[in-house]
Every structure is written in structure tokens, then in C-alpha cells.
Amino acid sequence: SSGINAEWPLRPGTEVLPRLAAFDSSTFQEYFLSETFRYLTTQAKNFKPSGLVSPKAFLAIGQIAYSMQDGIICYIDKIFTVIKPYIPNPLELAKYRRSINTQVEGNVLQLISLLAKATRDKFHISICDCID
């Protein structure tokens, strides 16, 4: 036996990285947050409904933000840059509803919710800037 269980599925980074962040948030923040954040935001920016990139990158960013709490604050502007295309303009809501992937929408909304819980009052200022 090679020691590797072939029945265990390989987990993508969007599933493993948030678990690592939750397991030991201070170590994760010190050694892995910057690179992880770069990887996940690249995945989120490159998402296309017909492409190979999963919309789970949005959810993973939110889960990591929740684990990092205030440690994610320096990344808020970058996060909003990534998710802004998925936040509907109230004047174009009908067009948005026809074009958005519901899985992406759910993951973006979860990201926003987790980010709000992680950053509390600092989130309000950022979301107001993003919507304008």
C-alpha cells in the first residue's frame, strides 16, 4: 500500500485554505494570508460561468475573512474591487438578474455577510463606498 487512500478526493484550495485559516488564524495570517488572498482574488477575478474557475473562490474569501477578523481589514478595498461587478446597480437590476449566475450570487452574498461579521463597523464604510 502506498499510504494514499485513492478514495479520498483531492480538495481544491477553495475548500482547504479556509479550514487552515480557521484552524490556526494567527499562524495563517502571519505566513499564508497574503499569498492565499492573492490566489483567491485571482480566481474570483477570472471567474467566467463557462470557464473552469469555480465561483467558490468568493465564498473562500469570506470564510478566511471571518477567521482573520480585523486581520483582513487591509484587504477590504481589494475584496470590493473583486466583488463590485457582482453587486447590482439598483437602476440596472432587471439586466443584472438576467445575466448573473445564481451560484456566484449566493457565494458573493455569503462573502459580504462573512466580511461584515468579521470587520463590523469598518465594513459599513467600505460597502457604502462600493455601492456609490
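# A tour from the core outwards

Start by selecting Phe58, Ile64, Ile72 and Ile79: these have the most contacts inside the largest nonpolar core, which has 28 residues. Such a core is a set of buried Ala, Val, Leu, Ile, Met, Phe, Trp, Tyr and Cys residues joined through side-chain atoms within 4.5 Å. Colour helix 1, helix 3, helix 4, helix 5 and helix 7 (102-119), the elements that give two or more residues to this core. Helix 4 gives the most, with seven residues.

Before going on, a note on what is on screen. This is a predicted model, in which local features need pLDDT of at least 70 and side-chain atom pairs count only at pLDDT 80 or more, while totals for chains, interfaces and linings use all residues. Residues are numbered from 1 along each chain as its sequence is written, and side-chain values use heavy atoms, with hydrogens and water left out.

**The whole chain**

Zoom out and switch to a cartoon: the protein chain has eight helices and zero strands. Here helices (H or I, at least four residues) and strands (E, at least two) are DSSP runs, numbered from the N terminus. Of the 132 residues, 36% are buried, where buried means under 20% relative accessible area, exposed over 50%, and partly exposed in between (1.4 Å probe, protein chains only). Among contacts (heavy atoms within 4.5 Å) with a separation of 6 or more, 74% join residues 24 or more positions apart.

**Helix 4**

Now select residues 56-68, which form helix 4. Ten of its 13 residues are buried, so the rest of the structure largely encloses this helix. Those buried residues are Ala57, Phe58, Leu59, Ala60, Ile61, Gly62, Ile64, Ala65, Ser67 and Met68. Try the distance tool on the end C-alpha atoms: they are 18 Å apart, in agreement with the 18 Å expected at 1.5 Å a residue (the expected span is 1.5 Å times one less than the number of residues).

**Helix 3**

Next, pick residues 33-45, helix 3. Show Leu33, Thr36, Phe37, Leu40, Thr41 and Ala44 as sticks; they are buried. Looking down the helix axis, you will find the buried residues within an arc of 125 degrees, so they line one face of helix 3; the arc is that of the directions from the helix axis to the C-beta atoms. An α-helix has 3.6 residues a turn, so residues three or four places apart point the same way. The buried residues of helix 3 pack against helix 1, helix 2 (25-31), helix 4 and helix 5.

**Thr14 and Ile72**

Move to Thr14 in helix 1 (residues 13-23). Thr14 counts as buried because its relative accessibility is 11%. Not counting residues up to four places away in sequence, Thr14 touches Leu40, Lys56, Ala57, Ala60 and Gln63. Then return to Ile72: leaving aside neighbours within four places in sequence, Ile72 is in contact with Leu33, Ala65, Ile79, Leu115 and Thr119.

**Last stop: Gln69**

Finish at Gln69, in the loop between helix 4 and helix 5 (76-83). Just after helix 4, Gln69 takes a positive phi of about 55 degrees. At 28% relative accessibility, Gln69 counts as partly exposed. Which residues does Gln69 touch, not counting those up to four places away in sequence? Select Lys117, Ala118, Thr119 and Arg120 to see them. The side chains of Gln69 and Arg120 make a polar contact at 3.2 Å (a pair of N or O atoms within 3.5 Å; within protein, one must be able to donate a hydrogen and the other to accept it, and residues adjacent in sequence count only if both atoms are side-chain atoms).
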